[in-house]
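Reader: Please take one part of this model and look at it closely. Then work outward from there, and keep it brisk.

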Amino acid sequence: MSDDEPRVPIVCTDCGTDARIPLDDVADKLDAHNDRHHDGEEVATVDPDLADQLANLVVEDMGLLDEE
Ligand SMILES: [Zn+2]
């Protein structure tokens, strides 16, 4: 019943991979993928479009928290 957990699309241009990862796991999954497939290079990344949106959301969240 926790399907509303935010999921982040990640893309790997080398592998042609795209996947949606729960926000909490994204950093670990990217690390693991790049470690395993790309010798630790940051080939797989969060979808750039969404990264922008997430950055905005995080900023908004911080703004809201600041007001309290
Ligand atoms: Zn890859």
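Author: Asp39 sits in the loop between α1 and β3. Helices here are DSSP runs of H or I with at least four residues, strands are runs of E with at least two, and both are numbered from the N terminus. This is a predicted model: local features need a pLDDT of at least 70, side-chain atom pairs count only at pLDDT 80 or more, and totals for chains, interfaces and linings use all residues. Residues are numbered from 1 along each chain, as its sequence is written.

Asp39 has a positive phi, near 55°, and is not a glycine. Most residues other than glycine have a negative phi. The residue comes just after α1. Asp39 is exposed, because it has 8 other C-beta atoms within 10 Å. The cut-offs are these: a residue is buried with 20 or more other C-beta atoms within 10 Å of its own, exposed with 12 or fewer, and partly exposed in between, with C-beta atoms placed from the backbone.

Now step back into the helix before the loop. Helix α1 covers residues 26-38. Its 13 residues should span 18 Å at 1.5 Å a residue, and its end C-alpha atoms lie 17 Å apart, so the two agree. The expected span is 1.5 Å times one less than the number of residues. Confidence is highest in α1, at a mean of 95. pLDDT is the predictor's confidence in each residue, on a scale from 0 to 100.

On the other side of the loop comes β3, residues 44-46. β3 belongs to an open sheet of three strands, in the order β2-β1-β3, with antiparallel pairing. β2 (17-22) and β3 are at the edges with a single partner strand each, so one side of each has no neighbour in the sheet. From one strand to the next, the twist averages 30°. For such angles, axes are lines fitted to C-alpha atoms, for helices over the stretch in contact, and the angles run from 0 to 180 degrees between N-to-C directions.

Which strand does β3 pair with? Its partner is β1, residues 7-12, through three antiparallel bridges. Two strands count as paired if DSSP finds at least two bridges between them. Val11 faces Thr45 in β3. Ile10 is opposite Val46 in β3.

β1 also pairs with β2. Six bridges join these two antiparallel strands. Pro9 has Arg20 of β2 as its bridge partner, and Cys12 stands opposite Thr17. The hairpin of β1 and β2 has four residues between the strands, and there Gly16 takes a positive phi near 70°.

β2 is hardly covered: zero of its six residues count as buried. Ile21 lies in this strand. Ile21 is partly exposed, because it has 18 C-beta neighbours inside 10 Å. Beyond residues up to four places away in sequence, Ile21 touches Arg7, Val8, Ile10, Val26 and Lys29. Contact means that two C-beta atoms, placed from the backbone, lie within 7 Å. The C-alpha atoms of Ile21 and Val46 are 9.6 Å apart, with the two positions 25 residues apart along the chain.

After β2, the loop to α1 holds Leu23. Leu23 counts as exposed, because it has 12 C-beta neighbours inside 10 Å. Leaving aside neighbours within four places in sequence, Leu23 contacts Pro6, Arg7 and Val8. Arg7 is 16 residues away along the chain, and its C-alpha atom is separated from that of Leu23 by 5.3 Å.

Last, the whole chain. Two helices and three strands make up its elements. From the N terminus they run β-β-α-β-α. Of the 68 residues, 7% count as buried. Among contacts with a separation of 6 or more, 36% join residues 24 or more positions apart. Mean pLDDT is 85, and 88% of the residues score at least 70. Helix α2 (residues 48-66) has the lowest confidence, at a mean of 75. Where pLDDT is low, the predicted coordinates should not be read in detail.
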